[in-house]
Amino acid sequence: SWFLINGQLCYFKERDETRMFTEMFCEEYGKLLGFDMAQYSLAYISEREVGGKKGRNKLGLLSPNYQDPKYNYLLVSDLLNPQIPNCGAYGPYSMQSLLDFISHEFVGVKGQEETIQGTVDKYIFDFATGQIDNNPKNMCYEVLAEGNVKNPRYWGLHGRKVKQIRPATFFDCEKSLGINKTPNGYAL
């Protein structure tokens, strides 16, 4: 759920203790390694229902929106969409298919080499932290592209000249470190 807090758009996700810990641990670890990581803080929210009735308190993670409005943020799952340059043409979702896609589709684009290295770095970080949720919705690229004159609200890349690409902020590292909640407590 998205909330406006003190003029800042923030995302709240209710999670159990393990997932909150691993998300915040990976945030700090990633920052130490020099990665641009989404920021998280523990938060309680209490929703109000129609008529003012207070709902239950929820504990979770609050993250300020890191997106810059001048860029497009394209999840790898968006790049698999046939309406925009099709990452799927390079094979099923994998590091190799992403590297091939970036290498061929963004030749001469500012940031291409850094994006290739950033993609490899993301996979290494996920491996080192035991991230088990690296899927096409948890990896994102930040793209600066010329506007679409026919439809200024169009967010895709099809028919648009890309001026710059780079990996977006790393986010959603909550299924890491091999910690699992079991009926008998937590286990590695």
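**Entry 1: cysteines**

I started from the rule that a disulfide needs two cysteine sulfur atoms within 2.5 Å. The model I have open is a predicted one, so I kept that in mind while looking.

With that cut-off in hand, I looked at Cys 173. Its closest cysteine sulfur is in Cys 26, 5.0 Å away, which is too far for a bond. I also looked up how covered the residue is: Cys 173 is buried, with a relative accessible area of 1%.

Next I asked myself which cysteine sulfur is closest to that of Cys 10. I found Cys 140, but the two sulfurs are 18 Å apart, again too far for a bond. Cys 10 is buried too, at a relative accessible area of 6%.

I then searched the whole structure, and the tally of disulfides was zero.

**Entry 2: aromatic rings**

How many aromatic pairs are there? I counted twelve. One of them joins Phe 25 and Tyr 29: their ring centres are 6.0 Å apart and their planes meet at 25°, so I noted the pair as stacked. I checked where these two sit along the chain. Both belong to helix 1, which covers residues 17-32, and they are four residues apart, so about one helical turn separates them.

Are these two rings buried or exposed? I found something in between. Phe 25 is partly exposed, with a relative accessible area of 36%, and Tyr 29 is partly exposed as well, at 30%.

Following the rings outward, I found that Phe 25 and Tyr 29 belong to one aromatic cluster together with Phe 21, Phe 35, Phe 125 and Phe 170.

**Entry 3: charges over rings**

I stayed with Phe 170 from that cluster and looked for a charge above its ring. The charged end of Lys 122 sits there, 5.2 Å from the ring centre.

I wrote down a second case with an arginine. Here the charged end of Arg 166 lies over the ring of Tyr 71, and the distance to the ring centre is 4.7 Å.

**Entry 4: a nonpolar patch**

Back to helix 1 and the surface. Which residues join Phe 25 and Tyr 29 in a nonpolar patch? I listed Phe 21, Leu 32 and Leu 33, and the patch has about 520 Å² of accessible area together. Phe 21, Phe 25 and Tyr 29 were already in my notes as members of the aromatic cluster.

Last, I picked out Leu 32, which is found in helix 1. Leu 32 is exposed, with a relative accessible area of 75%.

How values were computed: Residues numbered from 1 in each chain as written. Predicted model: local features only at pLDDT ≥ 70, side-chain atom pairs only at ≥ 80, totals over all residues. Heavy atoms only, no water. Buried < 20%, exposed > 50% of the residue type's maximum accessible area, 1.4 Å probe, protein only. Phe/Tyr/Trp six-rings, centres within 6.5 Å; stacked < 30°, edge-to-face > 60°. Helix = DSSP H or I, 4+ residues; strand = E, 2+ residues; numbered from the N terminus. Lys NZ or Arg CZ within 6 Å of the ring centre and 35° of its normal. Patch = residues over 30% accessible without salt bridge, like charges linked within 9 Å, V, L, I, M, F, W, Y side chains within 5 Å. Areas by Shrake-Rupley, 256 points an atom, 1.4 Å probe, with all protein chains shown as cover. Salt bridge = Lys/Arg side-chain N within 4 Å of Asp/Glu carboxyl O.
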